[in-house]
Amino acid sequence: QVHLVESGGGLVQAGGSLRLSCAASGRTFSSNALGWFRQHPGKEREIVAAMDYSGKSTYYADSVKGRFTVPRDNAKNAISLQMNSLEPEDTAVYYCAARGRPYGRIYYTANDYNYWGRGTQVTVSS
């Protein structure tokens with residue numbers, strides 16, 4: 001069992017930065033594949049970034065590549081989503097996700113994950 005809690009969302013001007021955090025209890029992140037997703041109103045949840053359980057490989061969606069990174073702190077059992085050069089199109093609810101008993105690969109689809117945080121709102125204004 002893994003319990004995830006996101007924090008750090010808020011309102012930011014276009015071109016600015018935010019750092020989201022995801023803290024876990026239960027099984028450590030080192031035993032889980034991890035993902036960040038976001039959801040716009042009325043839309044399907046979409047992948048932002050994902051990392052395999054070893055932390056060796058990280059995937060970024062084309063829409064955020066070069067702007068977002070996913071630092072991982074195994075000692076604190078937490079990961080972050082560092083968001084730079086934010087755009088109004090980045091406005092969404094952001095979710096942290098984990099998959100237990102992973103193979104050594106990245107998981108790209110929301111249905112691949114079995115643990116989810118409650119989400120945190122990010123709003124980017126022009």
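A disulfide is taken here as a pair of cysteine sulfur atoms within 2.5 Å. The exercises below concern a predicted model.

**Exercise 1. Determine how many disulfides the whole structure holds, and characterise what is found.**

Solution. Step 1: a search of the whole structure returns one disulfide. Step 2: the partners are Cys22 and Cys96, with an S to S distance of 2.2 Å, which falls within the 2.5 Å cut-off. Step 3: Cys22 belongs to strand 3 (residues 18-26) and Cys96 to strand 10, so that distant parts of the chain, 74 residues apart, are linked. Step 4: the torsion about the S-S bond of Cys22 and Cys96 is about -80°, and the disulfide is therefore left-handed. Step 5: burial requires a relative accessible area under 20%. Cys22, at 0%, counts as buried, and Cys96, also at 0%, counts as buried.

**Exercise 2. Establish in which sense strand 12 pairs with strand 2 and with strand 10.**

Solution. Step 1: strand 12 (residues 120-125) pairs with strand 2 in the parallel sense, over four bridges. Within this pairing, Val12 stands opposite Val124. Step 2: strand 10 (residues 92-100) pairs with strand 12 in the antiparallel sense, over three bridges. Here Tyr94 stands opposite Thr120. Step 3: strand 12 thus has a parallel pairing with strand 2 and an antiparallel pairing with strand 10.

**Exercise 3. Decide whether Asn32 is buried or exposed, and identify a polar partner of its side chain.**

Solution. Step 1: Asn32 is located in strand 4 (residues 32-39). Step 2: its relative accessibility is 0%, so Asn32 counts as buried. Step 3: a polar atom of the Asn32 side chain lies 3.2 Å from the backbone nitrogen of Gly100.

**Exercise 4. Describe the surroundings of Tyr113.**

Solution. Step 1: Tyr113 is found in the loop between strand 10 and strand 11 (115-116). Step 2: its relative accessible area is 6%, and Tyr113 is therefore buried. Step 3: when residues up to four places away in sequence are not counted, Tyr113 touches several residues, among them Ala33, Phe37, Ala50, Arg99 and Tyr107. Step 4: the Tyr113 side chain reaches the backbone oxygen of Leu34 at 3.4 Å. Step 5: Gly35 is another residue touched by Tyr113; the two C-alpha atoms are separated by 8.2 Å, although the residues are 78 apart along the chain.

**Exercise 5. State which elements have the lowest and the highest mean pLDDT.**

Solution. Step 1: the chain has a mean pLDDT of 92, with 99% of its residues at 70 or more. Step 2: among the elements, strand 8 (residues 72-73) has the lowest mean, 80, and strand 2 (residues 10-13) the highest, 98.

Note on methods
Residues numbered from 1 in each chain as written. Heavy atoms only, no water. pLDDT = per-residue confidence, 0-100. Helix = DSSP H or I, 4+ residues; strand = E, 2+ residues; numbered from the N terminus. Pairing = 2+ DSSP bridges. Buried < 20%, exposed > 50% of the residue type's maximum accessible area, 1.4 Å probe, protein only. Polar contact = N/O pair within 3.5 Å; in protein donor to acceptor, adjacent residues only side chain to side chain. Contact = heavy atoms within 4.5 Å.
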